[in-house]
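Reader: Could you take me through one part of this model in detail? I'd like a close look at the aromatic side chains and what surrounds them.

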Amino acid sequence: AKGTAAQALVMNAGATAPEWADAAGGAWAVRGSATNFSGVASVIIGSLTKTTRIILTNIIPSNDNVYVKFTVSNDSGSSYSATGYYFSVRGWNSAGNVQENYGENTSSFNGGSNHGNATNENGFFVTTIYEPQIASSWTHWHTDSHAVNSSGTLSHRDGGGFHKVASATTGIKFVPTAGTFSGTYLILELN
């Protein structure tokens, strides 16, 4: 017999035979489809209610050698906090140089790689926000990024941080450090 679309094949309680059961949580689920953006000053993701991964791909800024940074909202996007960001980022470039970026009580999280804006200089920026719905603790995140800059050098950075405000984080706003940017984003939620 086969199960329904919402079921998974699992081992029974006695570990003697497989059976169909409702799928358990713990897997990443796509929230909507991939969304393209073009020539925008910011990308805003709202309605954060659980651990969320935001994947920005094919990032191409209007200005050369800019970074992607973000701020968070604690009031459903009415405003974005301009203080309280703590972070550490470390990376390397293809020339073998170590790149570090860190800050305490800054106005944003600036952990991305420097993006070029010529052909084949696109990059990506992945952010995972952990349990933003918990109002009694600071919101933590992890980032991973890479890009090619105007001289053709690949840069990869990995980091993390937190927003030192005990309040639920309900939104996140990504912006380039100068000009506008284009690309695609996809949102995943941990069930």
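Author: Here is a walk through the aromatic cluster, with the rest of the chain as background.

Keep in mind that this is a predicted model. The protein chain averages a pLDDT of 92, and 98% of the residues score at least 70. Going by element, strand β4 (residues 35–40) has the highest mean pLDDT, at 97, while strand β1 (residues 7–11) has the lowest, at 82.

Now the setting. We're looking at a chain with 15 strands and zero helices. Its C-alpha trace spans about 60 × 40 × 30 Å along the principal axes. Of the 191 residues, 40% are buried. If you take contacts between residues at least 6 apart in sequence, 70% of them join residues at least 24 apart, and the aromatic rings give you some nice examples of that kind of link.

So, to the rings. There are twelve aromatic pairs in the structure. Take F70 and F109: their ring centres are 4.9 Å apart and the planes sit at 35°, so this pair counts as tilted. It ties together distant parts of the chain, with F70 in strand β7 (residues 68–73) and F109 in strand β10 (residues 109–110), 39 residues apart. Both F70 and F109 are buried.

F109 has another partner, F87, and here the geometry is edge-to-face: 4.9 Å centre to centre, with 75° between the planes. This pair also links distant parts of the chain, as F87 lies in strand β8 (residues 85–93) and F109 in strand β10, 22 residues apart. F87 is buried, just like F109.

Zoom out a little and these rings belong to one aromatic cluster made up of F70, Y85, F87, F109, F125, W141 and F174.

F109 deserves a stop of its own. This residue in strand β10 has a relative accessible area of 0%, so it counts as buried. Leaving out residues up to four places away in sequence, F109 touches K69, F70, Y85, F87, V89, F125, W141, T143 and G160. Several of those names are ones you've just met in the cluster, including F70, Y85, F87, F125 and W141. To place F109 against another residue, T51 is 58 residues away in sequence and 18 Å away in space, C-alpha to C-alpha.

A good companion to F109 is T127, which you'll find in strand β11 (residues 123–130). What is the relative accessible area of T127, and is the residue buried or exposed? The value is 0%, so T127 is buried. Setting aside residues up to four places away in sequence, T127 touches T52, R53, I54, F70, W141, H142, T143, I172 and F174. Among these, F70, W141 and F174 are members of the aromatic cluster. W141 and T143 also turn up among the contacts of F109, so follow those two if you want to step from T127 to F109 on screen.

For an aromatic residue outside that cluster list, try F37 in strand β4, the element with the highest mean pLDDT. With a relative accessible area of 8%, F37 falls under the 20% cut-off and is therefore buried. Beyond its neighbours within four places in sequence, F37 is in contact with V43, L56, F181, S182, G183, T184 and Y185. Y185 is a striking one to trace along the sequence: 148 residues separate it from F37, yet their C-alpha atoms are 7.9 Å apart.

Two loop residues make a useful contrast with these buried positions. Most residues other than glycine have a negative phi. A15, though, has a positive phi near 55°. It sits in the loop between β1 and β2 (18–22), and its relative accessible area of 55% is over the 50% cut-off, so A15 is exposed. N120 is also not a glycine and has a positive phi, about 70°. You'll find N120 in the loop between β10 and β11, where its 64% relative accessibility makes it exposed.

Last, the outside of the chain. The exposed surface comes to about 9400 Å², and carbon and sulfur atoms supply 51% of that. As for charge, there are 9 positive and 11 negative ones, and their mean positions are 3 Å apart.

Methods
Residues numbered from 1 in each chain as written. Predicted model: local features only at pLDDT ≥ 70, side-chain atom pairs only at ≥ 80, totals over all residues. Heavy atoms only, no water. Helix = DSSP H or I, 4+ residues; strand = E, 2+ residues; numbered from the N terminus. Buried < 20%, exposed > 50% of the residue type's maximum accessible area, 1.4 Å probe, protein only. Contact = heavy atoms within 4.5 Å. pLDDT = per-residue confidence, 0-100. Phe/Tyr/Trp six-rings, centres within 6.5 Å; stacked < 30°, edge-to-face > 60°. Areas by Shrake-Rupley, 256 points an atom, 1.4 Å probe, with all protein chains shown as cover. Lys, Arg positive; Asp, Glu negative; His and termini not counted. Charge placed at Lys NZ, Arg CZ, Asp CG, Glu CD.
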